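Biologist: Thanks for making time to go through this one with me. Shall we look at the structure together and talk about its rings and its surface?

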Amino acid sequence: MKKTAIKLSLLIVLLTAFLKPVSAQTKAEVFDKKTPITWLGLDFSQMKFIGSEAAYKGEVINAEFVGKYIPAWANFFIIEPKKYNPAKAVHRDTVHFAMNVTEKVNNSLTKNFFDSNPGDFKVLTEKDIDALVKNYDFMGNKGIGMLLIVEGMDKGRKEAGAWITFVNMNDKTVLYTVFRTGSSFGFGFKNYWAHPWYEILKDFGKDFDLFKNY
């Protein structure tokens, strides 16, 4: 009987030791520059253009947003890696890429993206971000994932806002999230609204060592 109990205890210890590295991810590891990060892209499922479709005067229509502009903005991270650089934002030499995670989310969107209420630019909370992450399909990716959950794009403010979010892909939990804004700038609708993603990541990188204390 004692031998059976001892064997069972040893088995539990071994299983715990085996499973811990797989599931354990912490906020501290987000800010540990030796810990690998996977860039998951931009999630537009919560995004609103502040203002009516008519207010954008043909620059974008609801029907073409998912198929045209969302892929174009994601592509900037491939074709202009020095500017749209998530690795630099998290003070790493490089990050893994798994943008198919957010691509799957974005491709399924059929909603109306226009919202006439300026107060809706930022309404999400950290609890809302937690709930969103629970529904992600991380497609077999493990460890820490990083993404922007875009909330508002406001022509009047000339800026966009997004939640820089770090997740434990092993158990679908949020390790750290913070809302940041970036100014819109450039020629043409695509470039004008791509600039906030660059600015949000750049500013996060500047404040990187400060965020780990909050």
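**Surface and rings**

Modeller: Happily! This is a predicted model, and we can start at the surface: Ile 79 has a relative accessibility of 53%, so this residue counts as exposed.

Biologist: Which residues make a nonpolar surface patch with Ile 79?

Modeller: Ile 79 lies in helix α3. The patch covers about 300 Å². Besides Ile 79, its members are Ile 78 and Phe 97.

Biologist: Now the rings. Is the pair of Tyr 84 and Tyr 198 stacked or edge-to-face?

Modeller: A search of the whole structure gives 26 aromatic pairs, so we have a few to choose from. For Tyr 84 and Tyr 198, the centres are 6.3 Å apart and the planes meet at 70°. An angle over 60 degrees puts a pair in one class, so this one is edge-to-face.

Biologist: How many residues apart in sequence are the parts that this pair ties together?

Modeller: Tyr 84 sits in the loop between α3 (62-79) and α4 (86-89). Tyr 198 belongs to helix α7 (residues 189-206), so the pair ties together parts whose separation in sequence is 114 residues.

Biologist: Is Tyr 84 buried or exposed?

Modeller: The cut-off for this class is under 20% relative accessible area. Tyr 84 is at 3%, while its partner Tyr 198, at 23%, is partly exposed. So Tyr 84 counts as buried.

Biologist: And which residue has its charged end over the ring of Tyr 198?

Modeller: That charged end is 5.2 Å from the ring centre. A similar question could be asked of Phe 179, where Lys 122 sits over the ring at 5.3 Å from its centre. For Tyr 198, the residue is Lys 83.

Technical notes: Residues numbered from 1 in each chain as written. Predicted model: local features only at pLDDT ≥ 70, side-chain atom pairs only at ≥ 80, totals over all residues. Heavy atoms only, no water. Phe/Tyr/Trp six-rings, centres within 6.5 Å; stacked < 30°, edge-to-face > 60°. Helix = DSSP H or I, 4+ residues; strand = E, 2+ residues; numbered from the N terminus. Buried < 20%, exposed > 50% of the residue type's maximum accessible area, 1.4 Å probe, protein only. Lys NZ or Arg CZ within 6 Å of the ring centre and 35° of its normal. Patch = residues over 30% accessible without salt bridge, like charges linked within 9 Å, V, L, I, M, F, W, Y side chains within 5 Å. Areas by Shrake-Rupley, 256 points an atom, 1.4 Å probe, with all protein chains shown as cover. Salt bridge = Lys/Arg side-chain N within 4 Å of Asp/Glu carboxyl O.
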